[in-house]
Amino acid sequence: MANSKFEYVRNFEQPDNLLPNTWIVVRIDGRGFTKFSSKYGFEKPNDRRALDLMNAAAKAVMSELPEITISYGISDEYSFVFHKSCALFERRSSKLVTTVVSTFSAYYIHLWSTYFPDTPLSPPLPSFDGRAVCYPSVQNLRDYMSWRQVDCHINNLYNTTFWALIQKGGMGNLEAEELLKGTYAADKNEILFSRFGINYNNEPDIYKKGSVLFRAYELVDPSTHNAAAEADSLAEPVQLSKNQTENDKKRRAKASIVIEHLDIIKDEFWDRRPWLLS
Ligand code: ATP
Ligand code: ATP
Ligand code: MG
Ligand code: MG
Ligand code: MG
Ligand code: MG
């Protein structure tokens, strides 16, 4: 096997190791889910079963890849954040992306019948694309997360209004689209409230804010947050011995993965969970 005359072909492979000491985000997105969601009769604008399935598959990915610190999901997409110190697969982009995509797809299909017991899957089966992007600073990473959550908000407000006009207002798709052209957020809130009695603020958080998955440690109270409290808490202290680092790694791997639907744009979420970005 080794040293055969064919082995030179390995030299055609291109290195694709991602920049060291940067946060790696692998974002996956369902292929052709507009069609897929209509084939399986997803409720519009938000099918709760489909979101729960996405979240369950994402949680499984996080359990199998402890290097993932936090994940964020909306619609048919999920972003997985690998810690900047991650050394998995020597940080090779193709290895990271394909492993996330195939693990996610496998669980999505494996868990399908739990969430859609009455509609068995048939080909073409659901599949996902993926990409990896490096973010060099915590600010860049937080801006990335904020970007996705703003997208969630804009799309959900639009979709909620659009589908209310159709389902409750009896409009056709084109008519609803025409009516919403050029409207601002305030206009959509007003349409929802005055025409349909819907207060957008009361819509479920999972639709308005998307889903955040992360490993649960002790929460830090921002008001008592000081150096001593930090060393006492399970948040990573500034200086760790090799042993402590190993222990911390184990603790992270063991920590349960929780799901929340809350604001990740403001500081509070991150201030209370300093281990996520340390
Ligand atoms: P592409 O292959 O380019 O990603 P796509 O059809 O998947 O094409 P997206 O921009 O990814 O396009 O949009 C996702 C589609 O899936 C949207 O039409 C969205 O309404 C639908 N969808 C995803 N999740 C849900 C859900 N939980 N409930 C209802 N519809 C959903
Ligand atoms: P990596 O994650 O690095 O790929 P790996 O354990 O998958 O690690 P490979 O070099 O890909 O390592 O080797 C594949 C392994 O799977 C080998 O140990 C091989 O013997 C085993 N394997 C694969 N297919 C078969 C098969 N059809 N019958 C028996 N063993 C198999
Ligand atoms: Mg896409
Ligand atoms: Mg898609
Ligand atoms: Mg999408
Ligand atoms: Mg292998």
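Start with ligand 1 in this predicted model. The residues around ligand 1 divide by class into four nonpolar, six polar and five charged. Select the whole shell, which holds 15 residues, and then colour the closest of them: Phe33, Thr34, Phe42, Asp47 and Ala50. Three elements each give two or more residues to this shell, namely β1 (23–30), α1 (33–39) and α2 (48–64). Of the elements, α1 gives the most, with three residues.

**The annotated positions**

Next select Asp29, Gly30 and Asp76. An unreviewed UniProt entry places the feature "binding site" at these three positions. They span 48 residues in sequence, but no two of their C-alpha atoms are more than 5.6 Å apart, so the three gather at one spot.

Take Asp29 first. Asp29 is in strand β1. It is partly exposed, because 15 other C-beta atoms lie within 10 Å of its own and a residue needs 20 or more to count as buried. With neighbours within four places in sequence left aside, Asp29 is in contact with Asp76, Glu77, Phe128 and Asp129.

Move to Gly30, also placed in strand β1. Gly30 is buried, with 21 other C-beta atoms within 10 Å. Its contacts, again leaving aside neighbours within four places in sequence, are Phe36, Asp76, Pro126 and Phe128.

Now centre on Asp76, which lies in the loop between β2 and β3. Asp76 counts as buried because it has 20 C-beta neighbours inside 10 Å. Beyond neighbours within four places in sequence, Asp76 is in contact with Asp29, Gly30 and Phe33. Phe33 is also one of the residues closest to ligand 1.

Add Ser75 to the selection. For "binding site", the unreviewed UniProt entry also lists Ser75 and Asp76. Ser75 sits in the loop between β2 (68–74) and β3 (77–82). With 20 C-beta neighbours inside 10 Å, Ser75 counts as buried.

**The nonpolar core**

Hide the ligand and select the largest nonpolar core, a set of 36 residues. The members that touch the most others are Ile24, Val26, Phe80, Val81, Val100 and Phe104. Two or more core residues come from each of β1, α2, β2, β3, α3 (93–115), β4 (128–135), α4 and β5 (211–215). The largest share, seven residues, comes from α2.

For a closer look, pick Phe80. Not counting residues up to four places away in sequence, Phe80 touches Val25, Val26, Val61, Ile68, Ser71 and Val100. Val26 and Val100 are themselves among the core members that touch the most others.

**The two domains**

Finally, colour the chain by domain. Domain 1 covers 16–147 + 206–276, and domain 2 covers 148–203. Where the two meet, the contact takes 15 residues from domain 1 and 11 residues from domain 2. On the side of domain 1 that touches domain 2, β2, α4 (138–167) and α7 (205–209) each supply at least two residues. The largest share of that side, four residues, comes from α4. By class, the side of domain 1 that touches domain 2 has nine nonpolar, three polar and three charged residues.

How values were computed
Residues are numbered from 1 along each chain as its sequence is written. Chains are lettered from A and ligands numbered from 1 in the order in which they are written. This is a predicted model: local features need pLDDT of at least 70, side-chain atom pairs count only at pLDDT 80 or more; totals for chains, interfaces and linings use all residues. A residue is near a molecule or strand if its C-beta atom, placed from the backbone, lies within 6 Å of it. Ala, Val, Leu, Ile, Met, Phe, Trp, Tyr, Cys and Pro count as nonpolar, Asp, Glu, Lys and Arg as charged, and the others, Gly among them, as polar. UniProt positions are given in the numbering used here, feature names are shortened, and annotations may be inferred rather than shown by experiment. A residue is buried if 20 or more other C-beta atoms lie within 10 Å of its own, exposed if 12 or fewer, and partly exposed in between; C-beta atoms are placed from the backbone. Two residues are in contact if their C-beta atoms, placed from the backbone, lie within 7 Å. Domain bounds come from an automatic or database domain assignment. A nonpolar core is a set of buried Ala, Val, Leu, Ile, Met, Phe, Trp, Tyr and Cys residues joined through C-beta atoms within 7 Å.
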